[in-house]
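Work through the exercises below with the sequence and the structure open beside you, and try each task before you read its solution.

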Number of protein chains: 2
Amino acid sequence: MLINSLLGIFVTDKKERGKPSITLIDVAKHAGVSPMTVSRVLNNLSIVKSATKEKVLASVAALDYSPNQAARSLASGGTTQICLLYGNPSSAYLGELLVGALEAVGKHGLQLIVNRVPSDISIEELQKNLDSSWDGLIIPAPISDLEGIRRLVEEEGFPTVFLECGEVSGRAHDIGIDDYQASKDMTEYLISLGHRRIAFIQGPPNHRTSTMRLSGFHDGLADADVEVDKELIVEGAFTYRSGMQAGLNLLEASNPPTAIFAGNDDMAAGVLAAVSEKGLKVPKDVSVVGFDDSPIATTVWPHLTTIRQPLAEMTEYAVRLLSEVIKEPGKQMKKTHLLEYSLQMRDSACPPTKT
Amino acid sequence: MLINSLLGIFVTDKKERGKPSITLIDVAKHAGVSPMTVSRVLNNLSIVKSATKEKVLASVAALDYSPNQAARSLASGGTTQICLLYGNPSSAYLGELLVGALEAVGKHGLQLIVNRVPSDISIEELQKNLDSSWDGLIIPAPISDLEGIRRLVEEEGFPTVFLECGEVSGRAHDIGIDDYQASKDMTEYLISLGHRRIAFIQGPPNHRTSTMRLSGFHDGLADADVEVDKELIVEGAFTYRSGMQAGLNLLEASNPPTAIFAGNDDMAAGVLAAVSEKGLKVPKDVSVVGFDDSPIATTVWPHLTTIRQPLAEMTEYAVRLLSEVIKEPGKQMKKTHLLEYSLQMRDSACPPTKT
DNA sequence: CTGAAAGCGCTTACAG
DNA sequence: CTGAAAGCGCTTACAG
């Protein structure tokens with residue numbers, strides 16, 4: 001099943017509703033140039049002499065001008081469309097992803113199409129759903145982890161931004177956080193709390209984020225000279241249920257961990273359930289931390305200590321990038337873009353009580 | 001803290017990208033009238049003779065014409081703005097709410113502003129945040145339950161649609177589902193499974209949905225001649241933690257229930273935690289059902305049997321309604337609009353095993 | 001590198 | 001009830 005929605009966007013500054021808003025012509029007069037020149041500056045066409053450009057930019061700032069997207073789109077005879085290919089069945093992220101994308105899409109006068117596909121869609125199936133009228137693609141995890149997806153967009157020739165997957169390829173861009181470092185930070189945090197027996201629940205190994213997070217955990221331990229016990233590294237599926245099962249196994253071990261680091265929040269929430277099933281308390285008996293800061297992190301009790309990713313910023317950035325790439329296909333740009341994450345300390349982790 | 005984002009929208013049919021798209025003028029020619037007349041028909045101005053109107057509509061259909069929103073907005077000198085006042089800190093709904101609103105807003109050539117406010121904001125504070133340039137308001141729960149909110153929008157003169165609160169007032173509209181009937185359906189479902197000792201965890205009594213759902217539960221029991229045990233009706237706060245606490249209390253009673261109906265999914269998820277803490281299993285030892293079909297319902301294990309609300313449809317409907325009200329302020333319209341809900345049967349409920 | 005002209009597809013305001 | 005004219009604020013394509 002395929003859910004498709006076409007979301008078009010444009011934003012006009014309505015602060016001065018009623019009052020005649022300032023136009024490109026006003027700016028041109030103010031700067032002493034023709035409207036055409038202003039237009040060129042605004043569209044970043046590099047042919048403008050830099051002195052002229054500065055003059056125009058100054059006038060834009062002085063008059064607090066913002067272009068009318070409706071006029072822009074009318075005149076240019078169409079709008080560029082960007083498709084967000086979304087496929088995570090636990091649709092917790094969608095809201096944040098959308099907010100960022102919409103904001104940017106509005107600012108740049110583009111249209112956004114939101115296309116939901118099954119997370120396990122085949123490449124052939126996906127290919128059928130690609131519309132040649134799209135001017136760009138934004139592909140978040142887990143679709144971005146699909147085998148062959150990179151080749152597909154490359155072959156079809158779509159300017160593309162992948163989200164959260166940290167791998168550069170072809171002409172596509174990647175935006176994400178440093179999963180490795182974030183995971184390492186979390187591990188160091190747990191160690192700083194006094195934990196030494198720390199378990200890690202990995203996500204599916206075919207997800208880049210999974211393996212990055214595991215490496216970060218591993219190196220965080222190693223760097224602090226804490227022994228890496230292979231028994232304490234188990235595999236989950238990024239789902240609540242798999243986290244619960246993994247937590248149960250971990251807790252039943254002869255020498256259970258004092259802290260459990262789950263590769264995502266859904267699994268961490270599952271671990272919470274496992275802990276309580278064992279008649280134990282979080283964080284008193286065992287600390288539990290996650291990754292993502294998804295809505296579930298602040299729904300469950302206790303609230304999860306986790307890593308927050310700036311999802312809205314990512315899509316916002318993705319749209320901006322795409323907009324530039326579409327305008328000037330030849331332009332040289334950075335391929336990988338790392339955004340800042342943050343460690344959210346909440347109530348699911350504390351120093352170990354039993355030694 | 002206030003998060004404000006301006007989302008503007010417009011949609012153009014891009015199927016025929018490249019090919020010159022059909023315009024209002026094409027339609028006018030086809031129908032043998034002036035462009036102006038077509039414009040009037042499209043904008044539903046009632047002054048057009050109905051014979052002419054039909055002719056035009058036929059041409060619109062024949063040519064598969066859809067108006068260019070950019071041109072429309074340019075010509076009319078602005079766009080009407082609708083603000084979605086969102087305040088639920090457990091922002092699980094936002095995604096779905098947005099999708100519906102955006103789709104409709106695009107179709108009607110409006111702008112959407114998404115404004116997040118604290119759920120416990122005071123009316124004075126809220127009033128400060130109302131922008132007179134907005135042409136309409138959409139207010140979902142829990143903001144719609146705020147004391148005095150109805151009076152405020154009435155005084156300020158905003159065309160307003162309230163979501164999920166089932167109360168008609170002033171000139172505002174209400175869109176929602178029949179919480180009472182849905183809750184009654186769920187209760188009857190539990191009874192049909194064989195349950196007789198059914199507990200209910202109510203939400204905060206100042207929320208209309210809370211009390212409606214409680215009434216539905218009550219009457220569902222009464223209609224089936226099942227005794228209503230007051231001990232089994234407890235109050236929660238619509239949060240996971242309150243559901244967990246209520247579940248614990250219920251389970252520790254001398255004569256515990258065989259099924260627990262929580263007033264929303266967050267609380268139902270909390271009950272799941274309580275059940276496992278008691279060393280019991282869902283649904284074998286006790287059935288647990290929720291309400292809302294929020295993302296958490298299909299995250300936790302077992303997945304929750306719950307009531308699904310068509311959130312996207314609600315906002316879509318709300319935008320359509322607002323658009324009409326704004327265009328023709330005097331128009332008579334239904335005040336309350338009930339949409340269809342559905343009972344999602346999943347894995348958290350089954351017939352009782354112990355008698 | 002910069003500008004003057006024409007036009008994007010609609011709606012407003014004014015006539016009839 | 002219907003139409004002819006002008007214009008919304010930009011950009012395209014063509015000159016210089």
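## Exercise 1: Two packed helices

In this predicted model, helix H5 (residues 94–108) of chain B and helix H12 (residues 311–327) of chain B have axes that come within 7 Å and cross at roughly 35°. Describe the handedness of the crossing of H5(B) and H12(B), and find the classes of the residues in the contact of H5(B) with H12(B).

**Solution.** Begin with the general idea that two packed helices are described by the angle between their axes and the distance between the axes. Both values are stated in the task, and the next step is to add the handedness, which is right-handed for the crossing of H5(B) and H12(B). Then look at the residues that meet: H5(B) contributes, among them, Glu96(B), Leu97(B), Gly100(B) and His108(B), while the residues of H12(B) include Leu311(B), Glu313(B), Val319(B) and Ser323(B). Sorted by class, this contact has nine nonpolar, four polar and five charged residues.

## Exercise 2: Buried, partly exposed or exposed?

Place Glu313(A), Thr160(B) and Asp225(A) in one of these three groups, and describe the surroundings of Glu313(A) and Thr160(B).

**Solution.** The cut-offs needed here are 20 or more other C-beta atoms within 10 Å for a buried residue and 12 or fewer for an exposed one, with partly exposed in between.

1. Glu313(A) lies in helix H12 (residues 311–327) of chain A, and because it has 17 C-beta neighbours inside 10 Å, it counts as partly exposed. Leaving out residues up to four places away in sequence, Glu313(A) touches Gly100(A) and Leu339(A). Glu313(A) and Glu96(A) are 217 residues apart in sequence, yet their C-alpha atoms are 8.9 Å apart in space.
2. Thr160(B) belongs to strand E5 (residues 160–163) of chain B, and it counts as buried because 28 C-beta neighbours lie inside 10 Å. With residues up to four places away in sequence again left out, Thr160(B) touches Gly136(B), Leu137(B), Ile139(B), Val153(B) and Ala172(B). From Thr160(B) to His173(B) the separation is 13 residues in sequence and 6.3 Å in space, C-alpha to C-alpha.
3. Asp225(A) has 7 other C-beta atoms within 10 Å and is therefore exposed.

## Exercise 3: Unusual backbone angles

What is the phi of Asp225(A), what is the phi of Phe238(B), and which peptide bond leads to Pro283(B) and which to Pro302(B)?

**Solution.** The background is that most residues other than glycine have a negative phi, and most peptide bonds are trans.

1. Asp225(A), which is not a glycine, has a positive phi near 60°, and its place is the loop between helix H9 (208–223) and strand E8 (233–235) of chain A.
2. Phe238(B) likewise has a positive phi, about 70°, although it is not a glycine, and it sits in the loop between strand E8 (233–235) and helix H10 (240–251) of chain B. Phe238(B) counts as buried because it has 25 C-beta neighbours inside 10 Å.
3. The peptide bond from Val282(B) to Pro283(B) is cis, with omega near 5°, and Pro283(B) is found in the loop between helix H11 (265–277) and strand E10 (287–289) of chain B.
4. The peptide bond from Trp301(B) to Pro302(B) is also cis, with omega near -5°, and Pro302(B) is found in the loop between E10 and strand E11 (306–308) of chain B.

## Exercise 4: The surface near a DNA strand

Which residues come nearest to DNA strand C, and which elements give two or more residues to the surface near it?

**Solution.** Of the 27 residues around DNA strand C, the nearest are Thr52(A), Leu24(B), Ser39(B), Ala71(B) and Ala75(B). The elements that give two or more residues to this surface are helix H2 (35–42) and helix H4 (69–75) of chain A, together with helix H2 (35–42) and helix H4 (69–75) of chain B. As a last step, sort the residues of the surface near DNA strand C by class, which gives 15 nonpolar, 10 polar and two charged residues.

## Exercise 5: The nonpolar core

Which residues have the most contacts inside the largest nonpolar core?

**Solution.** The largest nonpolar core has 88 residues, and those with the most contacts inside it are Phe261(A) and Phe261(B). Apart from this core lies another, of 86 residues, which include Cys83(A), Leu102(A), Val105(A) and Ala141(A).

Terms used:
Residues numbered from 1 in each chain as written. Chains lettered and ligands numbered in written order. Predicted model: local features only at pLDDT ≥ 70, side-chain atom pairs only at ≥ 80, totals over all residues. Near = placed C-beta within 6 Å. Helix = DSSP H or I, 4+ residues; strand = E, 2+ residues; numbered from the N terminus. Nonpolar A, V, L, I, M, F, W, Y, C, P; charged D, E, K, R; others polar. Core = buried A, V, L, I, M, F, W, Y, C linked by C-beta atoms within 7 Å. Axes fitted to C-alpha atoms, helices over the stretch in contact; angles between N-to-C directions. Left-handed = near helix turned anticlockwise from the far one by under 90°. Contact = placed C-beta atoms within 7 Å.
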